[in-house]
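Please open the model in a viewer and keep the selection tool at hand. The stops below follow one another, each beginning with a selection.

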Amino acid sequence: MSLLYAMLLGVIQGLTEFLPISSSGHLAIFQTIFHMKDVGISFDVFLHLGTLVAVFVVYWKDILRLIVKFFGIVVDVCKNIGIFFSRKNRDKAEYHRIITTAYRKFTLLIIVASIPTAILGVLGKKIVEEAGNHLWIVGICLIVTAVLLIVSDNLPDGRKTPKGTKWKDAVIIGIAQGIATLPGISRSGATICTGIFRGLRRDFVVKFSFIMSIPAILGATVFEIPDMADDFAGGNISEYLAGAMMAAIVGYFCIRLMLVVVKNKKFKYFAYYCTLAGVVAIVGSLIAR
């Protein structure tokens, strides 16, 4: 794999990870139509880590606060457990409230949403891998993404912030993220659209979508580590880093663009593109037979 090739894939990853057009779907299309070789698990992980860097750069203040609140929640939960099992203090001591701020609620919402994502990711791994081998499935999923984008553009603005978001909302958004592992279903598009369907405020749902990708991507990375050893041994670290760097840079600007797109209800342009890409994928699958 050449350095230029690695950088090109990094650009594609950065564009398609955050714009609602499906990174996995485009990778499947490019690999099939242009006979691109499989880049390997290690390089794919590096590209995803590059996009994580973009999320951390854009939302570093929010992420830092969420981390602090997470450890605060852990401490209070441990204190409550200690009170429960303490015979002396059980009747006298008051339990510590867990949700005391909006950011504590936000932290728990991300945790709750990540649970169905993880379950679907593990259970559906083989299905997702098989789906990526069939271009017509990718095409149908891209068209489904287009429909979601069009519908969400025509919905009224929601008002839910972390305080008003229900646990059920988080579970449903997490399920959407799990389903979006299918190639052609955009992760950002699925989670943002689902959040809009559930009445979340548009600026909040974008933040929620991108920050909740952190545990999902890190979890997938850890899950792939056992399969990375042989692939990484034969790889060139400079190419891996170049691809990750391009994914991070392009991803940063795409996150900024998405904030404007969602606020101004401009999903329709991406819907048109997904429809075209879906048709190309379906036609390509027929020609390839």
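A helix, in this tour, is a DSSP run of H or I of at least four residues, and helices are numbered from the N terminus. The model itself is predicted.

**Stop 1: the nonpolar surface patch.** Select Val74, which is found in helix H4. Val74 counts as partly exposed because its relative accessibility is 34%, and the band for that class runs between 20% and 50%. Now extend the selection to Ile67, Phe70, Phe71, Ile111, Ile115, Ile119, Val122, Leu123 and Phe223; together with Val74 they make a nonpolar surface patch of about 930 Å². Two or more residues of the patch are given by helix H4 (60–85) and by helix H5 (102–123). Which of the elements gives the largest share of the patch? H5 does, with five residues.

**Stop 2: the largest core.** Turn next to the interior and select Tyr59, Phe106, Ile192, Phe208, Ile211, Ile255 and Phe267. These residues have the most contacts inside the largest nonpolar core, which has 49 residues. In soluble globular proteins, nonpolar side chains tend to be buried together. Keep Phe208 selected and display its surroundings: beyond its neighbours within four places in sequence, Phe208 is in contact with Phe106, Leu109, Ile110, Ala113, Ile173 and Leu200. A second core, separate from the largest one, has nine residues, among them Tyr5, Ile12, Tyr240 and Ala244.

**Stop 3: helix H10.** Select residues 202–211, which form helix H10. Is H10 mostly covered or mostly uncovered? H10 is mostly covered, as eight of its ten residues are buried. The buried residues are Arg202, Phe204, Val205, Val206, Phe208, Ser209, Phe210 and Ile211.

**Stop 4: aromatic pairs.** Across the whole structure, a search finds nine aromatic pairs. One of them joins Phe204 and Phe208, whose rings are stacked, 5.7 Å centre to centre with 15° between the planes. Because Phe204 and Phe208 are four residues apart in helix H10, about one helical turn separates them. An α-helix has 3.6 residues a turn, so residues three or four places apart point the same way. Phe204 is buried, with a relative accessible area of 6%, and Phe208 is buried too, with a value of 1%. For comparison, select Tyr269 and Tyr272, an edge-to-face pair at 6.3 Å centre to centre and 90° between the planes. Both tyrosines lie in helix H14 (residues 267–288), three residues apart, or about one turn of the helix. Tyr269 counts as partly exposed, at 49% relative accessibility. Return to Phe204 and Phe208 and add Tyr103 and Phe106: the four residues form one aromatic cluster.

**Stop 5: the loop before H14.** Select Lys265, found in the loop between helix H13 (237–263) and H14. What is notable about its backbone? Lys265 has a positive phi of about 55° although it is not a glycine. Lys265 is partly exposed, with a relative accessible area of 29%.

**Stop 6: Tyr240 and Gly50.** Finally, select Tyr240, which lies in helix H13 and belongs to the second core. Tyr240 is buried, with a relative accessible area of 3%. Add Gly50 and display the C-alpha atoms: Gly50 and Tyr240 are 190 residues apart along the chain, and their C-alpha atoms are separated by 9.9 Å.

Conventions:
Residues numbered from 1 in each chain as written. Predicted model: local features only at pLDDT ≥ 70, side-chain atom pairs only at ≥ 80, totals over all residues. Heavy atoms only, no water. Core = buried A, V, L, I, M, F, W, Y, C linked by side-chain atoms within 4.5 Å. Buried < 20%, exposed > 50% of the residue type's maximum accessible area, 1.4 Å probe, protein only. Contact = heavy atoms within 4.5 Å. Patch = residues over 30% accessible without salt bridge, like charges linked within 9 Å, V, L, I, M, F, W, Y side chains within 5 Å. Areas by Shrake-Rupley, 256 points an atom, 1.4 Å probe, with all protein chains shown as cover. Salt bridge = Lys/Arg side-chain N within 4 Å of Asp/Glu carboxyl O. Phe/Tyr/Trp six-rings, centres within 6.5 Å; stacked < 30°, edge-to-face > 60°.
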